[in-house]
Amino acid sequence: MDTTETPEDRQIEDAYGRLGTALAPPADVAVRVGRLVTARRRRRRAALAGVAGLVVVGSVGGAVLLRSGEDGEGEDAVATDTSSTSPHGSFVLSRADGSTYEFDDLTLSCAGTGPGGEKIAPGHIVLFSPFQPDPSGKVLTEPFLYFDGVVDQIDGRSFRLPFESDDGSSDDRAFVLFAAEGETPGTKHPNEVSSAEAGAAGTVRVRHASCGPTPVLDLEADTTLGSEVQQGTLDLKGSFVTP
Amino acid sequence: MPDGPEADRRGGFDDFVVAQSRPLLGFAHALTADPHDAWDLTQETLARIGERWGRMRFEEPAAYARTVMVRLNIDRIRRLKRELPLLAGPDVPEDRATVEVVGELDGWLVEALRTLSPRQRTALALRYVEDLDVRTIAQRMSCSEGTVKSQLSRGTERLREHAREHPPLHTRYGEE
């Protein structure tokens, strides 16, 4: 770079100084930003619920799904591998009071639609348990598990938690491991926990992940997930393997 | 404002927003050369930090906000402009008219900046607004120092050309 000062350089510096102070935000800037923060959280939760909703409604529009747990062909499965090498695995959620819940009905997909009809982002692989709200649609009757990873960024890698994107945004993470549950005897409030929150610890190991005609995932989690809603952490351990 | 932990978290964040929104808006103005894009960028930057506020430990949240803003501006401003109205929803007032021009500015600089690439504008903003050296600019932009020097050199020369053609004359947006 040419560092020789020119007569115009002072003019440029002064102009930048005025440019930087020429605008003022609205007086209610904190309220407006607060609305956006709320909207971002709402959209993320809606996206999570919508992906899981595929299981409930059983319509995936060309998605290739692989399910673990049940041997029978699920009504919602577009393509189910029933061979001896079918995907298998489960994850156990452990609460502070010692109670546990096992996620053993898991669906793997690289395609499909979320809430509002948006598609699972290209290059993403998702693993999720059935989403089971009460009739109001607002309260979970069973705990819910969701993993979303960017294949190119997670294949063959291990991650120490908490794991967050560079800019702290939920839009740009290589992966997120998320679990939610409704009110339980052991917890006063519903809880939502994830691999990105403060308090998260442990390891997520992705031995293999790919999206082709058939999605492939070899995932192991030995984690404590941090609460997004000011509740306690929850332990999540287990694995999921496709042939 | 709600009570309890949420209120504490919001309270600290609200203070941060009030204190930093104007300097961030100024930095965004230098990054975008457009008051509306600057406001969009500022909102999105603050919203992303707000999403993590109280959960992540920010040692220097103001500096972190500028890093987030730089990355957003380089990579995602087009997507951001498309998504923000959808994200806000119909119950959120239109924000296009809420940025107030309160000071004089130099039309030639705005025009010149609009002819530059986002990366060139970013390098120049970090140089002239943040007063950073080449090494730090490279770190902020996640690129090599050579790339920064190139961006600064080309961008500065373009600004000099415009400055030579225009005597110091300050205008407001919309004025001839």
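## A loop residue of chain A

In this predicted model, Thr214(A) sits in the loop that links β11 (201-210) to β12 (216-227) of chain A. Because 16 C-beta neighbours lie inside 10 Å, a count between the limits of 12 for exposed and 20 for buried, Thr214(A) counts as partly exposed. Thr214(A) and Leu108(A) are 106 residues apart along the chain, and their C-alpha atoms are separated by 9.5 Å.

## Strand β8 of chain A and the loop after it

Arg160(A) belongs to strand β8 of chain A, which covers residues 157-160. With 12 C-beta neighbours inside 10 Å, Arg160(A) counts as exposed. Its C-alpha atom is 9.1 Å from that of Ser195(A), although 35 residues separate Arg160(A) and Ser195(A) in sequence.

The loop between β8 and β9 (175-181) of chain A holds Pro162(A). The peptide bond that runs from Leu161(A) to Pro162(A) is cis, and its omega is near 0 degrees. As a general background, most peptide bonds are trans, and most residues other than glycine have a negative phi.

## The two chains in outline

Chain A contains three helices and 13 strands, and of its 243 residues 42% count as buried. Among the contacts in chain A with a separation of 6 or more, 63% are accounted for by residues 24 or more positions apart.

Chain B, by its elements, has eight helices and three strands, which follow one another from the N terminus in the order α-α-α-α-β-β-α-α-α-α-β. Of the 176 residues of chain B, 40% count as buried. When contacts in chain B between residues at least 6 apart in sequence are taken together, 69% of them join residues at least 24 apart.

## Nonpolar cores

The largest nonpolar core has 52 residues, and those with the most contacts inside it are Val33(A), Phe27(B), Ala28(B), Met69(B) and Ala125(B). Helix α1 of chain B, which spans residues 5-32, gives the most to this core, with nine residues. Domain 1 (1-100) and domain 2 (105-176) of chain B both give residues to this core, and it therefore lies between them. Apart from this core lies another, of 41 residues, which includes Leu106(A), Leu145(A), Ala200(A) and Ala209(A).

The surroundings of Ala28(B) can be described in detail. When residues up to four places away in sequence are not counted, Ala28(B) touches Ala38(B), Leu41(B), Thr42(B) and Met69(B).

## Helix α5 of chain B and what covers it

Helix α5 of chain B runs over residues 107-114, and its buried residues are Trp108(B), Leu109(B), Val110(B), Ala112(B) and Leu113(B). The cover over these buried residues of α5(B) includes elements from both chains, namely α1 (7-21) of chain A together with β2 (105-106), α6 (118-128) and α8 (145-165) of chain B.

## How α6 and α8 of chain B pack

Two packed helices are described by the angle between their axes and by the distance between those axes. For α6(B) and α8(B), the packing angle is about 90 degrees and the axes are 8 Å apart. Because an angle of 65 to 115 degrees counts as roughly perpendicular, α6(B) is roughly perpendicular to α8(B).

On the α6(B) side, Arg119(B), Gln120(B), Ala123(B), Leu124(B) and Arg127(B) take part in the contact, and they meet Val148(B), Gln151(B), Leu152(B), Arg154(B), Gly155(B) and Thr156(B) of α8(B). Sorted by class, the contact of α6(B) with α8(B) has four nonpolar, four polar and three charged residues.

## Positive phi in two loops of chain B

Ala33(B) is placed in the loop between α1 and α2 (35-52) of chain B. The phi of Ala33(B) is near 60 degrees, which is a positive value in a residue other than glycine. Ala33(B) has 20 other C-beta atoms within 10 Å and is therefore buried, as 20 or more is the requirement.

Asp131(B) lies in a later loop, between α6 and α7 (134-141) of chain B, and its phi too is near 60 degrees, a positive value in a residue other than glycine. With 9 C-beta neighbours inside 10 Å, Asp131(B) counts as exposed. The loop residues Ala33(B) and Asp131(B) thus contrast in their surroundings, since Ala33(B) is buried, whereas Asp131(B) is exposed.

Note on methods. Residues are numbered from 1 along each chain as its sequence is written. Chains are lettered from A and ligands numbered from 1 in the order in which they are written. This is a predicted model: local features need pLDDT of at least 70, side-chain atom pairs count only at pLDDT 80 or more; totals for chains, interfaces and linings use all residues. Helices (H or I, at least four residues) and strands (E, at least two) are DSSP runs, numbered from the N terminus. Two residues are in contact if their C-beta atoms, placed from the backbone, lie within 7 Å. A nonpolar core is a set of buried Ala, Val, Leu, Ile, Met, Phe, Trp, Tyr and Cys residues joined through C-beta atoms within 7 Å. Domain bounds come from an automatic or database domain assignment. Axes are lines fitted to C-alpha atoms, for helices over the stretch in contact, and angles run from 0 to 180 degrees between N-to-C directions. Angles under 35 degrees count as roughly parallel, over 145 as roughly antiparallel, 65 to 115 as roughly perpendicular and the rest as oblique. Ala, Val, Leu, Ile, Met, Phe, Trp, Tyr, Cys and Pro count as nonpolar, Asp, Glu, Lys and Arg as charged, and the others, Gly among them, as polar.
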